[in-house]
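User: Could you take a close look at one part of this model for me? I'd enjoy a connected walk through how it is put together and what surrounds it.

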Amino acid sequence: MSDLLAHGMLAGLAQIAQTGRDAGRGGYSRHVWQPADFELRAWFIERAERLGLMVETDRNGNIWAWWGAPGPNAVVTGSHLDSVPGGGAYDGPLGVVSALEAIARLQERGVTPTRPCAIVVFAEEEGSRFGIACLGSRLMAGTLDADRARALSDRDGVSLADAAARAGVNPAHLGTDREALGRIGLFIELHVEQGRGLIDQGHPVALASSILAHGRWRLTVTGQGNHAGATLMTDRRDPMIATARALLLVRDAATKRPGTRATVGRLNVVPGGTNVIPSRVDAWLDARAETDEETRVLVEEITAGVEAAVAENGCTVSVIEESWTGAVHFDPILRDRFSAALDNIPALATGAGHDAGVLAASVPSAMLFVRNPTGISHSPEEFAEAEDCVAGVEALEKLLRTLL
Ligand code: GLV
Ligand code: MN
Ligand code: MN
């Protein structure tokens, strides 16, 4: 980060480097409509206004900063500012900072846009607070039902409707935003690469080709809560043990299907006492594969295996789909056009979800990835060298200049 500050080019990342730091987990925990998110939003608005952009927040809590008058067929770039719990500094903010920087550079060069242009900051991209990733873009695009969104609640039991209201977003107005969506002529999201793709290819920047199909499922394993000392080992119906068995099955199911991925990164143990056999364990499954069909088959296989494993331990399980995103293939014509404009940079498939993936179903969309030398993301070790970030901004600036 000091590297970036010294560089000056992406000072924006350095300006927000202390916001939402999570001393317990390491890295950043920046969740929608919580103090760090409010601070980041205020920071973005201030930066955008300093560039003379006109800022508005839409009905779903996404922020738009317009260069010139808002209007149809707009060239839109941007990303998100929220993070996973204990996330890195780049996932999301790099795209926002790069968008600000690219527009600042175009302004310095005297460019006047010939069509509307905006930066967008999408709300709750990671789904870390309310469980559904790309919440702001899904609501806008109408792929998430507003009633369902309003009823979501966070880990403290605060409903999304209440959190939105407290943030000044009228929950009654959440939902499909044809006006906001209809203004986007084309969307470009710049993002830090989240795997090893660009290390292996030896390039600082690439375009995205596709995103794996992915979804989230909540497995609720129910047993019998009981006393840790008074209950014989043979008398137990312990959902923790049943879940432990289930987790190994999750790994095995994905391991034997090359290219598929399955993860359980979050557990909720009820009631959660050291001397208490739990009565229930909630486990969240994230499963991904190249095609929708393959992902569905993987989850069916996991479900069947888990049902059998928990039954062997005297427990039951319910499996509820919390979100689903089909595989995304970015417009190849747009990608080839952009690649040609950028000295034939490569295209890269990704396993990470993005707002650009949600928008791709409705509007021409593209992504730029910036090399991550650690190959690690959703972790404090996520990184990008300053020179690569600069290469990303230059690529974005070039595309915007061509389009504007
Ligand atoms: C978001 O980064 C996701 O892929 O879950
Ligand atoms: Mn992410
Ligand atoms: Mn992201």
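Analyst: Happily! Let's begin with a helix pair: α10 and α11 cross in a right-handed sense, where right-handed means that the near helix is turned clockwise from the far one by less than a right angle, and left-handed means anticlockwise. Please keep in mind that this is a predicted model, in which local features need pLDDT of at least 70 and side-chain atom pairs count only at pLDDT 80 or more, while totals for chains, interfaces and linings use all residues. Residues are numbered from 1 along each chain as its sequence is written, chains are lettered from A and ligands numbered from 1 in the order in which they are written, and side-chain values use heavy atoms, with hydrogens and water left out.

Helix α10 covers residues 239–255 and helix α11 covers residues 292–312; their axes lie 9 Å apart, at an angle of about 150°. Here helices (H or I, at least four residues) and strands (E, at least two) are DSSP runs numbered from the N terminus, and the axes are lines fitted to C-alpha atoms, for helices over the stretch in contact, with angles from 0 to 180 degrees between N-to-C directions. The two helices are therefore roughly antiparallel; under 35 degrees counts as roughly parallel, over 145 as roughly antiparallel, 65 to 115 as roughly perpendicular and the rest as oblique.

On the α10 side, the contact is made by A242, R245, A246, L249, V250, A253 and A254, which meet L298, E301, I302, G305, V306, A309 and V310 of α11. By class, the residues of this contact are 11 nonpolar, 1 polar and 2 charged. A contact means heavy atoms within 4.5 Å, and the classes take Ala, Val, Leu, Ile, Met, Phe, Trp, Tyr, Cys and Pro as nonpolar, Asp, Glu, Lys and Arg as charged, and the others, Gly among them, as polar.

T243 also belongs to α10. With a relative accessible area of 3%, T243 is buried; buried means under 20%, exposed over 50% and partly exposed in between (1.4 Å probe, protein chains only). Beyond its neighbours within four places in sequence, T243 contacts V221, L267, V281 and A283.

Going back along the chain from α11, we reach E290 in the loop between β11 (280–289) and α11. This residue is exposed, at a relative accessible area of 57%. Setting aside residues up to four places away in sequence, E290 touches L212, A213 and A327. From E290 to S323, 33 residues apart along the chain, the C-alpha atoms are separated by 17 Å.

A second helix pair makes a nice companion to the one above. Helix α3 (residues 35–50) packs with helix α4 (residues 93–108) at an angle of about 15°, their axes being 10 Å apart. That makes α3 and α4 roughly parallel. The crossing of α3 past α4 is left-handed. In the contact, W43, F44, R47 and A48 of α3 meet V96, V97 and L100 of α4. The contact residues divide into 6 nonpolar, no polar and 1 charged.

Now to the metals. The manganese ion (ligand 2) has D91 (OD), E126 (OE), E126 (OE) and H378 (NE2) as protein donors, 2.1 to 2.7 Å away. Donors are N, O and S atoms within 2.8 Å of the metal (3.2 Å for Na, K and Ca), and since water is not among the atoms, sites may look incomplete. The donor residues of the manganese ion (ligand 2) follow the spacing D-x34-E-x251-H. Distant parts of the chain are linked here: D91 lies in the loop between β3 and α4, and E126, 35 residues apart from D91, in the loop between β4 (117–122) and α5 (135–141). D91 is buried at 5% relative accessibility, and E126 is buried at 7%.

The manganese ion (ligand 3) takes H80 (NE2), D91 (OD) and H191 (NE2) as protein donors, at 2.0 to 2.2 Å. Their sequence spacing is H-x10-D-x99-H. The manganese ions (ligand 3 and ligand 2) are 3.6 Å apart, with D91 coordinating both. H80 in strand β3 (residues 74–80) and H191 in strand β5 (residues 184–192) are 111 residues apart, so this pair links distant parts of the chain. H80 is buried with a relative accessible area of 0%, and H191 is buried with 1%.
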